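Okay, thanks everyone, I'll keep this short. Have a look at the structure on the screen, and then I'll walk you through a few spots in it.

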Amino acid sequence: MSLKEIIVRFTLVSGLEMKEVSRFLPIIEDCRLFFESRVGELCEADMRRLEHACAVYAFYKIGMTGSADGLSSFKVGDVQMQMDDRRAYAEKLWAAERESISDIIDVSGGFAFRRVRV
């Protein structure tokens, strides 16, 4: 999995700019390693799906940390979000993404290997 691709997708999902993402790099990398350790060889299309899911999962993990940094809201362009809104958005995104990759890996109660394409 490409960390660069995951970061690009993370910026799209989170609405953050690339320069703001640097503080989350350790979490994004942990998520990449977590996903990578649970799948074998995948076709390019499935790998892209997994990279996107990894970006969404990283956003979800960060969203679930709450406002540990004291941030109660943030603004992206003309859109302002409260942290509770961000958590709900992250949960909704991850639930949909988890369902969309269920044919590759099971993330409902832990990961289980589903398919290898050779």
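Let's start with a helix pair. In this predicted model, helix α3, which is residues 25-36, packs against helix α4, residues 44-64, at an angle of about 130 degrees. Their axes are 9 Å apart. With that angle, α3 counts as oblique to α4, and the crossing of the two is right-handed.

So who's doing the touching? On the α3 side you've got I27, I28, C31, R32, F34 and F35. On the α4 side the contact is made by L50, A53, C54, Y57, A58, K61 and I62. Sort those residues by type and you get 11 nonpolar, two charged and no polar.

Now, you may have spotted two cysteines in that list, C31 from α3 and C54 from α4. How many disulfides does the structure hold? Zero. And why is there no bond for C31? The closest cysteine sulfur to that of C31 is the one in C54, and it sits 5.5 Å away, which is too far for a bond. For the cut-off, a pair of cysteine sulfurs has to be within 2.5 Å to count as a disulfide. Buried or exposed, that C31? Buried, with a relative accessible area of 3%.

Next residue, I7. You'll find I7 in helix α1, residues 3-14. I7 is buried too, at a relative accessible area of 14%; the cut-off for buried is under 20%. Leaving out residues up to four places away in sequence, I7 touches M18, V21, L25 and I28. I28 should ring a bell, since I28 is also one of the α3 residues in the contact with α4. There's a long-range pairing to look at here as well: I7 and E51 are 44 residues apart along the chain, and their C-alpha atoms are separated by 9.2 Å.

Okay, zooming out to the whole protein. There are five helices and four strands. Reading from the N terminus, the order of elements is α-α-α-α-β-β-α-β-β. The protein has 118 residues, and 36% of them count as buried; C31 and I7 are among the buried ones.

One last number, on contacts. Take the contacts in the protein with a separation of 6 or more: 61% of those come from residues 24 or more positions apart.

That's my tour, happy to take questions.

Terms used
Residues numbered from 1 in each chain as written. Predicted model: local features only at pLDDT ≥ 70, side-chain atom pairs only at ≥ 80, totals over all residues. Heavy atoms only, no water. Buried < 20%, exposed > 50% of the residue type's maximum accessible area, 1.4 Å probe, protein only. Axes fitted to C-alpha atoms, helices over the stretch in contact; angles between N-to-C directions. Parallel < 35°, antiparallel > 145°, perpendicular 65-115°, else oblique. Left-handed = near helix turned anticlockwise from the far one by under 90°. Contact = heavy atoms within 4.5 Å. Nonpolar A, V, L, I, M, F, W, Y, C, P; charged D, E, K, R; others polar.
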